[in-house]
Structure formats: C-alpha cells, structure tokens
Amino acid sequence: MNAQRKRIIITEIQYWKQNKLLPEHYCDFLITLYARGEGDEEEDTKSSKGILEREKNTKWVKLAGLCFLALLAFGGMFVLRDFPIASISAAAILASIFLILSIGKAGAKAGLSSLLYILSAFLLLGLSLKVWLLFFENETLLLLGLLVLNCVLWLFAGRLLKLLYFTISGSVGLLLIIGFLFLSM
C-alpha cells in the first residue's frame, strides 16, 4: 500500500477515535493493522497531517486560481473595449473548459465541480450581457429575453443536476424579471 495512502487512512481512523465514531479498541486495532506494528502513532499523525494540510492548501490555490481566471475573463469583457471579439472568445472558451472539467472526472475528483458550474454560469451571464451591449444596446426586451434564457438555463441545470443553488437562483431570477415587467407596465 502507498505510504501516503496509509498515513491518510491512519489519520482518518484517529479522527474516528477522537470523535468516538467507533469504539476505541476497534480504532486501536485498525491503527495497529495499518501501521503493521511499526513506528510511533504520533509520528504518523504528524506526517499525515502535513500531507493533509498540503492537499488542503493546493485545493485552495486551485479554487483561488479558477476564481481569478473567471474574474479576469469577466472583467476583460467589459474593460477591453478595443478587442470585443477576443474577450468574448476568451470568456466563452474558459466557460466551456470549466463545463468540461466539471462534467469530467477531474473536477469531481478534486471536489471543484460545484465551483466550476457556478463560474461557468457567471461567465455565460457576462457573455450574454456583453453581446447585448455590443449589438443590441437599445433593445430592452432582448435584454430581458437573454436574462430569462439564463434563468431558465439555471433552473433546468438545477433540476437536472440536483443543485439547489441553481434552482433557487433561476427561480428568483425569473420572479424578479416578472416583477420588473409588471412594475414597468
């Protein structure tokens, strides 16, 4: 068995022991079994905590990097007015990559699929707004149609993927648009 995997398992068993998820003598037996009677338990705990901390830190670095990329693409669409097609293309490619990663095993394995779905939806909303600003700026009904389309997409994705936050955001968005239409009449 891989040494890193063994340390992680031992750390998990020690967590069970501390939180009384299993009887103490079962945990002691499992720790002895996985450690094969070698080494000090505290030494194993310290080294495995280091591994877990490093894994946690790399996950936060990945999260921060993905959020930074999405914000950079989103901001680039509205700040770079000289190159609208390039900024739209970059944001569309990034949103597609996020969707592919979230659907694939890589995003699920790293536990990033929810963040990738959210960032994709955020970029898609930005793309809709940028296209409206570029080509149809005076068409308010078209803007409402694009917003309704985004909300319906969020609602559909929320129901299909069983993601409550997408279902709620799509429903609330649709209600706000309907409320706006009734108030503006």
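Which exposed residues does the face of α8 turned away from its buried side carry? Keep that question in mind, because the tour ends at α8, where "buried" means under 20% relative accessible area, "exposed" over 50% and "partly exposed" in between, with a 1.4 Å probe and protein chains only.

**Before you start**

This is a predicted model, in which local features need pLDDT of at least 70 and side-chain atom pairs count only at pLDDT 80 or more, while totals for chains, interfaces and linings use all residues. Residues are numbered from 1 along each chain as its sequence is written, and side-chain values use heavy atoms, with hydrogens and water left out.

**The whole chain**

Colour the protein chain by secondary structure, and you should find 8 helices and 0 strands, which gives the pattern α-α-α-α-α-α-α-α when read along the sequence. Helices here are DSSP runs of H or I with at least four residues, strands are runs of E with at least two, and both are numbered from the N terminus. Of the 185 residues in the chain, 29% count as buried.

**From α1 to α2**

Select Lys-20, which sits in the loop between α1 (3–18) and α2. Its phi is near 55°, a positive value in a residue other than glycine, and Lys-20 counts as exposed because its relative accessibility is 67%.

Now select Lys-17 and Asp-28 together. Side chains of opposite charge can pair when their charged atoms come close. Lys-17 forms a salt bridge with Asp-28, and the closest N and O atoms are 2.5 Å apart; the term stands for a side-chain nitrogen of Lys or Arg within 4 Å of a carboxyl oxygen of Asp or Glu. The pair links distant parts of the chain, with Lys-17 in helix α1 and Asp-28 in helix α2, 11 residues apart. Both partners can be checked for exposure: Lys-17 counts as partly exposed at 24% relative accessibility, and Asp-28 counts as partly exposed at 27%. A search of the whole structure finds 1 salt bridge.

Stay with helix α2 and select residues 24–35. At 1.5 Å a residue, its 12 residues should span 16 Å, and the end C-alpha atoms are 16 Å apart, which agrees; the expected span is 1.5 Å times one less than the number of residues. Within α2, Cys-27, Ile-31 and Ala-35 are buried. Seen down the axis, the buried residues of α2 fall within an arc of 55°, so they line one face of the helix, where the arc is that of the directions from the helix axis to the C-beta atoms. On the other side of α2, His-25 and Phe-29 are exposed. Move on to Arg-36, which follows α2 and has a positive phi, near 55°.

**Rings in the middle of the sequence**

Select Phe-74, Phe-78 and Phe-122, which ring pairs link into a cluster. Rings of Phe, Tyr and Trp (its six-membered ring) pair if their centres lie within 6.5 Å, and planes under 30 degrees apart count as stacked, over 60 as edge-to-face and the rest as tilted. A search of the whole structure finds 4 aromatic pairs.

**Around α6**

Next comes Leu-112, found in the loop between α5 (105–110) and α6. Leu-112 is buried, with a relative accessible area of 8%. Add Leu-101 to the selection: the two leucines are 11 residues apart in sequence and 8.8 Å apart in space, C-alpha to C-alpha.

**Towards the end of the chain**

Select Lys-162 in the loop between α7 (140–161) and α8 (164–184). Its phi is near 60°, a positive value in a residue other than glycine, and Lys-162 counts as exposed because its relative accessibility is 74%.

Finally, select helix α8 itself, whose 21 residues should span 30 Å at 1.5 Å a residue; the end C-alpha atoms are 30 Å apart, which agrees. The buried residues of α8 are Phe-166, Thr-167, Gly-170, Gly-173, Leu-174 and Ile-177. They cover an arc of only 140° around the axis, which puts them on the same side of α8. The opening question can now be answered, since the face of α8 turned away from its buried side carries the exposed residues Leu-164, Leu-175, Leu-176, Phe-182 and Leu-183.
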